[in-house]
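Biologist: Before I plan anything at the bench, I want to walk through this model. Can we take it piece by piece?

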Amino acid sequence: MSLNHIRPWRDIYRRKSRQIMVGDVPVGGDAPIAVQTMTNTLTTDVAATVAQVQAAAEAGADIVRISVPDEASSKALKEIVRESPVPIVADIHFHYKRGIEAAEAGAACLRINPGNIGDETRVKEVIKAARDHNCSIRIGVNAGSLEKHLLEKYGEPCPEAMVESGLEHIRILQDNDFHEFKISVKASDVFLSAAAYQGIAEATDAPIHLGITEAGGLVSGTIKSAIGLGNLLWMGIGDTIRVSLSADPVEEVKVGFEILKSLGLRHRGVNIISCPSCARQGFDVIKTVEALEHRLEHIKTPMSLSIIGCVVNGPGEALMTDVGFTGGGAGSGMVYLAGKASHKMSNDQMIDHIVEEVEKKAAALDAVQEAAE
C-alpha cells in the first residue's frame, strides 16, 4: 500500500499473497513488484545471451527468462546462469526433461506450461528436480495452449477455463507438497487476460505474474500492456510483470518500469514530465526531451524532471519536481530547483545544464539514502 494520507485517492491496496523466492529476489507478499523480460537470442549462443541478460539487468530487470528448447540449450544455461547478474527463469515447453536439466543447471525458477509438458507423472518429476535444486516454479497458463478437456468443456479459451487450468496445476504442486510457485494466466486479448487474472487472484494466494502475451510491436504492445497490466496493478493484482513486445528486451524493461512508475508502485531513474509542445513553446520541447531521455539513462536514483515549453503550465509543474525548466522568451528559460525558480539559462546551453543539475540532485539524494542506511 502507498500510504498517502493527503491524497488517499492515490492509494493502491495490493492483494495479499504468499512470498516465494526466485533466486535472491523475493516475489509476492510485501516485496516490490519485480520487472522481468526474456532473451530472444539463441540460448546456445552463450555470449550473445549473456550480453542481452546484462543489458536487461542494467536497464533494471530484476529477473530474466531464457528459453530452453533442447539439450544443447540446457548445457548452455549452466554457463549463462553462472555469468548472469540476475536470477534466471528457464522457459520449458513440451519436454519435461528440459525442466529437470534446467534445475540442475542452476535456474532460479522453471516456467512450465502444464498443458504442454505432459501427464501428471512427468510434472511430478519436474517438481522433484525443482525441490532438489531449490528452484521455484511458475505455472504458465496460456489461452493459446489450454488442455483439450477444458476446450471441450468450455468450447473456447475463456476466463473460467484458464482459471480452472491454473487451479488444476496448483493442486498437482500442492499434492506433492510443493509451494514455491507463482502463476500466470496470459492471453493476447486484454479483456480475456484481465478477467482470468481477476478470477485467479480470488481463487489462490499464490504470487501472480502479470503479462499480456504476444502483445505486439513497441507502440501497440506498449498500449495493450499499459491498459491490461495497468488496470490490474491499479486493482492491487500482480507481484511480477513482463511486458511482451516484438522489440528489444531492454524496451520491455523500460515500459514495465514506466507502467509501475505511473502508478507509484516502483521508482527508478528520472521521471520526465513534459508537454506535447505547441506554438507557445519557447524551445524545441520534443528534441529536448529525446536528448534528455538519452543523456539521463545512467541515472538510477528516483527523481523527477519537468520540461515544459511555456509559462502556462510550466511553473505549476516545476513546483512538484526536483528539477524543472520552463520556456520563456528571448532564447532563454527558467531553471527550477526543488520547486522554486532558481536562475535563467539560455536555450542553447539548457540540455547540458539540466543534465548537470539532475546529476547533482541524484548525488545528493543518494548521499541522504546512504546516511539513512
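Modeller: One term first. Two strands pair if DSSP finds at least two bridges between them. And a caution: this is a predicted model.

Biologist: Start with the hairpin, then. Which residue in β15 is the bridge partner of Met-334?

Modeller: Strand β14 covers residues 332-337, and strand β15 covers residues 340-346. The two run antiparallel, joined by six bridges. In β15, Met-334 has as its bridge partner Lys-344.

Biologist: And which residue of β15 stands opposite Val-335?

Modeller: Stay on the antiparallel pair of β14 and β15. In β15, the residue opposite Val-335 is His-343.

Biologist: What is the phi of Ala-338 in the turn?

Modeller: Two residues separate β14 and β15 in this hairpin. Ala-338 sits in the turn, and its phi is positive, at about 55 degrees.

Biologist: Which strands stand at the edges of the sheet that holds this hairpin?

Modeller: That sheet is open, with five strands in the order β11-β12-β13-β14-β15 and mixed pairing. An edge strand has a single partner, so one of its sides has no neighbour in the sheet. That picks out β11 (270-274) and β15.

Biologist: By how many degrees are neighbouring strands of this sheet turned against each other on average?

Modeller: Ignore strand direction here. The average turn between neighbours is then 20 degrees.

Biologist: At what angle does α11 run to β12?

Modeller: Helix α11 lies across β11 and β12. With respect to β12, α11 runs at about 160 degrees.

Biologist: On to the other sheet. Which strands stand at its edges?

Modeller: It is an open sheet of eight strands with parallel pairing. The order is β8-β7-β6-β5-β4-β3-β10-β9. Each edge strand has a single partner, so one side is left without a neighbour; these strands are β8 (181-186) and β9 (209-210).

Biologist: Which residue of β7 is the bridge partner of Arg-111?

Modeller: Strand β6 (residues 109-112) pairs with strand β7 (residues 136-142) in the parallel sense. Four bridges join them. Arg-111 has as its partner in β7 Arg-138.

Biologist: Which strands does helix α1 touch?

Modeller: Helix α1 spans residues 46-59 and packs on the sheet. The helix direction makes about 155 degrees with that of β4. The strands touched are β3 (34-38), β4 (63-67) and β5 (88-92).

Biologist: Now charges. How many salt bridges are there?

Modeller: The rule needs a side-chain nitrogen of Lys or Arg within 4 Å of a carboxyl oxygen of Asp or Glu. By this rule the count is 17.

Biologist: Are Asp-91 and Arg-111 buried or exposed?

Modeller: Their side chains meet in a salt bridge, 3.7 Å from N to O. Asp-91 is in strand β5 and Arg-111 in strand β6, 20 residues apart. The cut-off for buried is under 20% relative accessible area. Asp-91 has 5% and Arg-111 has 6%, so each counts as buried.

Biologist: How many residues apart in sequence are the parts that Glu-297 and Lys-254 tie together?

Modeller: The closest N and O atoms of this salt bridge are 3.1 Å apart. Glu-297 is partly exposed at 46%, and Lys-254 is partly exposed at 32%. Glu-297 lies in the loop between α11 (285-295) and β12 (303-308), while Lys-254 lies in helix α10, so the separation is 43 residues.

Biologist: Which other residue of helix α10 forms a salt bridge with Lys-254?

Modeller: The partner sits three residues away in helix α10 (residues 249-262), about one turn of the helix. In this salt bridge, the closest N and O atoms are 3.9 Å apart. The partner is Glu-251.

Biologist: What accessible area do Leu-218, Val-219, Ile-223 and Ile-227 have together?

Modeller: They form a nonpolar patch on the surface. Leu-218 belongs to helix α9 (residues 218-234) and is partly exposed at 39%. Together, the four residues have about 370 Å².

Biologist: Last one. Which residues does Thr-213 contact, leaving aside its neighbours within four places in sequence?

Modeller: Thr-213 is placed in the loop between β9 and α9. At 9% relative accessibility, Thr-213 counts as buried. Its contacts are Asn-142, Lys-186, Ala-187, Ser-188 and Ser-244.

How values were computed:
Residues numbered from 1 in each chain as written. Predicted model: local features only at pLDDT ≥ 70, side-chain atom pairs only at ≥ 80, totals over all residues. Heavy atoms only, no water. Contact = heavy atoms within 4.5 Å. Axes fitted to C-alpha atoms, helices over the stretch in contact; angles between N-to-C directions. Patch = residues over 30% accessible without salt bridge, like charges linked within 9 Å, V, L, I, M, F, W, Y side chains within 5 Å. Areas by Shrake-Rupley, 256 points an atom, 1.4 Å probe, with all protein chains shown as cover. Buried < 20%, exposed > 50% of the residue type's maximum accessible area, 1.4 Å probe, protein only.
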